[in-house]
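Subject: Handover of a structure and notes on its cavities

Dear colleague,

Please find below the structure that I am handing over to you. My notes on what was found in it follow directly after.

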Amino acid sequence: MTVNLLDFDASRLNAFLAERGEKPFRAKQLLRWIHHFGEDDFGKMTDIAKTTREKLAAEAIVAPPRLLTEQASSDGTRKWLLDVGTGNGIETVFIPEDDRGTLCVSSQVGCALDCTFCSTGRQGFNRNLSTAEIIGQLWWANRALGRDPKGERIVSNVVMMGMGEPLANFDNVVAALRLMLDDHAYGLSRRRVTLSTSGLVPAMDRLREACPVALAVSLHAPNDPLRDEIVPINKKYPLKELMAACLRYLEKAPRDFVTFEYVMLDGVNDTLLHAEQLIALVRDVPCKFNLIPFNPFPNSGYQRSQPEAIRRFRDRLIEAGYVVTVRKTRGDDIDAACGQLAGQVKDKTKRTLRLAAAEQTTHTIRLSRETRP
Ligand code: SAH
Ligand code: SF4
């Protein structure tokens, strides 16, 4: 059977080569060719013996997901749609800033967690991405963007904030993270790789042991009843447990704070009372806040908070001593902003069917009301 070497982190590549009688330094050479130089043709890996290259070509491939489309936004944001088979597609977004270039990477086709304000969640869930499909996004972006005039990679940071819940695809995500950090592959520092989770508490503990990177937590609500409603995984791992998990994570994290993401939904979670509750909630957790103005999508049922409400909320947190950033909406002209990534998801959860049926019912009720004499 042919194996895809993009699926292997260093330890698996070592094992694969050892089974074939190859020396351990071959793994380093191969990682460099595949990830550092973005080479997918064994024939061009010139410092590897010809017989080894032939052996590899007979058994293995370097196969990133196929590129379907590429879009560029007027603000420099780039978005790639990658084919992951059987009609499914995933999206990867590159966001250039003055001092860094950030790639937003997807971990699943769709998402099973159903947060009410999220377009990916709305699309339902198909499957986990393989390690090759996750790291393949960085592989493509590096190939497309290359290096700056100083020879530095244009992609300097990665955030696992694309489609899907990364901690629900633990093993494949961790292998991909290890490749991102590996000096022979992408060599990113742990502080420049951020994983965002909606709060899968046991998996946060596992990540702390397996591969601690910077952590962002999608909080979005300051009390359990509201969070139960808009981030339903909260019913399983409520806020008190989540805060305790954040503290445990920080014991081994590369940064000494957690970033709490908070989507600003008009009239839902954006009052000063919510800000007060939030300050009380996070009291014991060293943290920063990232307020994300809601990015609308069709039939979401939500509106973005008014600029004045966002300002008031931010100022209250700053007054309480916190560092707060309000995320700039980038790439919204190509639907590349947070929560707008939709890719192509062949939903297996029937969520899209249920939602379509619900919309149909509402539509029918409205119609029958409207047509009533
Ligand atoms: N599943 C992970 C990572 C992907 S989502 C998580 O939930 O953390 C990345 C961020 O975008 C999360 O904070 C998510 O809650 C937020 N988000 C989702 N939909 C959004 C929307 N429509 N507008 C703004 N932010 C959104
Ligand atoms: Fe999934 Fe994150 Fe969207 Fe929630 S916000 S549905 S966890 S991708």
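A word on terms comes first: helices here are DSSP runs of H or I with at least four residues, and they are numbered from the N terminus. Please also bear in mind that this is a predicted model.

**Cavities**

The structure contains two cavities of 30 Å³ or more. The largest of them has a volume of about 480 Å³. Its lining is made up of 30 residues, and those closest to the centre are F117, C118, M161, S218 and H220. Four elements each contribute at least two residues to this lining: helix 4 (119–122), strand 10 (193–197), strand 12 (258–264) and strand 13 (287–293). Sorted by class, the lining of the largest cavity comprises 15 nonpolar, eleven polar and four charged residues.

The second largest cavity encloses about 50 Å³ of space. Its lining consists of F16, L17, R20, E22, T52, K55, L56 and E59. Helix 1 (10–19) and helix 3 (50–59) each provide at least two of these residues, and helix 3 gives the most, with four. By class, three residues of this lining are nonpolar, one is polar and four are charged.

**Helix 7**

Helix 7 spans residues 201–210, and its buried residues are V201, A203, M204, D205, L207 and R208. These buried residues pack against helix 6 (170–181), strand 10, strand 11 (214–218) and helix 9 (239–250). Strand 10 also supplies at least two residues to the lining of the largest cavity.

**Two residues with positive phi**

Most residues other than glycine have a negative phi. Two residues deserve a note in this respect.

D114, which is not a glycine, has a positive phi of about 65°. D114 is located in the loop between strand 7 (108–110) and helix 4. Is D114 buried or partly exposed? With a relative accessible area of 30%, D114 is partly exposed.

H220 likewise has a positive phi, near 70°, and is a residue other than glycine. H220 sits in the loop between strand 11 and helix 8 (224–230). The cut-off for a buried residue is under 20% relative accessible area; H220, at 4% relative accessibility, therefore counts as buried. H220 is also among the residues closest to the centre of the largest cavity.

Yours sincerely

Definitions and conventions
Residues numbered from 1 in each chain as written. Chains lettered and ligands numbered in written order. Predicted model: local features only at pLDDT ≥ 70, side-chain atom pairs only at ≥ 80, totals over all residues. Heavy atoms only, no water. 1 Å grid on protein atoms, 1.4 Å probe; cavity = no way out; pocket = protein on both sides within 12 Å on 5 of 7 lines; lining within 4 Å. Points joined across faces, edges and corners; volume = space filled by probe spheres on them. Nonpolar A, V, L, I, M, F, W, Y, C, P; charged D, E, K, R; others polar. Buried < 20%, exposed > 50% of the residue type's maximum accessible area, 1.4 Å probe, protein only. Contact = heavy atoms within 4.5 Å.
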